[in-house]
Amino acid sequence: MNVLDAVAVFTAGVAAGGINSIVGSGSLVTFPTLVALGYPPVVANISNNLGLVPGNISAAIGYREELRGQRDRLIRLGSASLIGALIGAVLLLSLPARAFDFIVPGLIMIALVLVVVQPRLQAWMQARREENGHRPHGGPLLWTGVLGTGVYGGYFGAAQGIVLIALLGIAIDDDLQRLNGVKNALSAVVNGTAAMLFIGVWAFGGARINWWAVLLIALGSTLGGLLGAKVGRRIPPLVLRGVIVAVGLVAIVNLLS
């Protein structure tokens, strides 16, 4: 890796960390950058996952005020993220890289639709809560949705934040910024769990990792995650929803191009 390549990877890491903190889909910056520099897709995917973990953690730390009082929710939903991430990481190491080529764009589009209609769906969910009782953790349907998102995140991860924020916003009656903090924490669980599995497999010669790429993305995403958290926490809910949709549309275009 020459100096220009290193600068490109670090810069992509900063951008990805900021995007993941505010919305999600930061992998759509770093992953294509690594592929463009000549790294094989699976190597780029695994190295990218490892590098983004510190950024996910820094983003969650940046939202620590919004995460106060949500420990039980995080433990409950975090268990779904952990299990899903393990399944997704195993799929990445076992299946052809083309397995999700047609699923990923559709999944992102569904998530964007959910974000757009979230206020109406949330009103409908509120009416059902009043009839059936309040579920502060979203119930079994949300847990299952978070599990499925964890599978997707462990396999590829791009735009998992968009899916998570859509699911959380519909299933839980809470402030969008507090839910964005939960999204960042769950994304950290998914990427961190997958990363530990990848490192374990690498240690036994079963996975290829470019550690220079990991280091540069880690440094960049950590900085970007902290900066993104400061910006994201000041964005009004309506504007944040618009940013989510815009980034999601760009993600779909990149995946289909």
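Biologist: Why does Phe31 count as buried?

Modeller: Phe31 is found in helix α2 of what is, I should say at once, a predicted model. Its relative accessibility is 17%, and since buried means under 20%, Phe31 counts as buried.

Biologist: Which residues is Phe31 in contact with, leaving aside its neighbours within four places in sequence?

Modeller: Phe31 is in contact with Pro41, Ala44, Asn45, Asn48 and Phe156, once those neighbours within four places are set aside. As for distance along the chain, Phe31 and Ala12 are 19 residues apart, and their C-alpha atoms are separated by 8.9 Å.

Biologist: Which are the buried residues of helix α2?

Modeller: In helix α2, which covers residues 27–36, they are Ser27, Leu28, Thr30, Phe31, Thr33 and Leu34. Just after α2 comes Gly38, with a positive phi of about 105°.

Biologist: Why does Ser21 count as buried?

Modeller: Ser21 belongs to helix α1, residues 3–22. The cut-off for buried is under 20%, and Ser21 is at 0% relative accessibility, so it counts as buried. Not counting residues up to four places away in sequence, Ser21 touches Ala59, Tyr63, Asn180, Lys183, Asn184, Gly225, Gly228 and Ala229.

Biologist: What makes Ser58 count as buried?

Modeller: Ser58 lies in helix α3, and its relative accessibility of 5% is set against the limit of under 20%, so Ser58 counts as buried. Leaving aside neighbours within four places in sequence, Ser58 is in contact with Ser221, Thr222, Gly225 and Leu226. Ser58 and Ser221 are 163 residues apart along the chain, while their C-alpha atoms are separated by 8.4 Å.

Biologist: How do you know that Thr149 counts as buried?

Modeller: The reasoning runs as before: Thr149, which lies in helix α8, has a relative accessibility of 4%, and with buried meaning under 20%, Thr149 counts as buried. Not counting residues up to four places away in sequence, Thr149 touches Gln160, Val163, Leu164 and Leu167.

Biologist: Why are α8 and α10 called oblique to each other?

Modeller: The axes of helix α8, residues 139–155, and helix α10, residues 176–203, come within 9 Å and cross at roughly 45°. An angle under 35 degrees would count as roughly parallel and one from 65 to 115 as roughly perpendicular; the crossing angle of roughly 45° fits neither, and α8 and α10 are therefore oblique to each other. Their crossing is right-handed.

Biologist: Which residues in α8 and α10 meet?

Modeller: Val146, Gly150, Gly153 and Gly154 in α8 meet Leu186, Val190, Asn191, Ala194 and Phe198 in α10. By class, the residues of this contact are five nonpolar, four polar and no charged.

Biologist: What makes α9 oblique to α10?

Modeller: Helix α9, residues 160–171, packs with α10 at an angle of about 135°, with the axes 9 Å apart. Roughly perpendicular ends at 115 degrees and roughly antiparallel needs over 145, so an angle of about 135° makes α9 oblique to α10. The crossing of α9 and α10 is right-handed. Among the α9 residues in the contact are Gln160, Leu164 and Leu168, and among those of α10 are Leu179, Lys183 and Leu186. The full contact divides into eight nonpolar, six polar and one charged.

Biologist: At what angle do helix α3 and α10 pack?

Modeller: Helix α3, residues 41–62, and α10 pack at about 145°, with their axes 8 Å apart, and their crossing is left-handed. The residues making the contact include Ile46, Leu50, Val53 and Ile57 of α3 and Ala188, Ala195, Phe198 and Ile199 of α10. The division here is 13 nonpolar, six polar and no charged.

Biologist: How many helices and strands does the secondary structure of the chain come to?

Modeller: The count is 12 helices and zero strands. Buried residues make up 51% of the 257 residues in the chain, and of contacts between residues at least 6 apart in sequence, 84% join residues at least 24 apart.

Biologist: Where in the chain is confidence lowest, and where highest?

Modeller: Confidence is lowest in helix α7, residues 118–132, at a mean of 64, and highest in helix α5, residues 71–94, at 94. Over the chain the mean pLDDT is 83, with 89% of residues reaching 70 or more.

Conventions. Residues numbered from 1 in each chain as written. Predicted model: local features only at pLDDT ≥ 70, side-chain atom pairs only at ≥ 80, totals over all residues. Heavy atoms only, no water. Axes fitted to C-alpha atoms, helices over the stretch in contact; angles between N-to-C directions. Helix = DSSP H or I, 4+ residues; strand = E, 2+ residues; numbered from the N terminus. Left-handed = near helix turned anticlockwise from the far one by under 90°. Contact = heavy atoms within 4.5 Å. Nonpolar A, V, L, I, M, F, W, Y, C, P; charged D, E, K, R; others polar. Buried < 20%, exposed > 50% of the residue type's maximum accessible area, 1.4 Å probe, protein only. pLDDT = per-residue confidence, 0-100.
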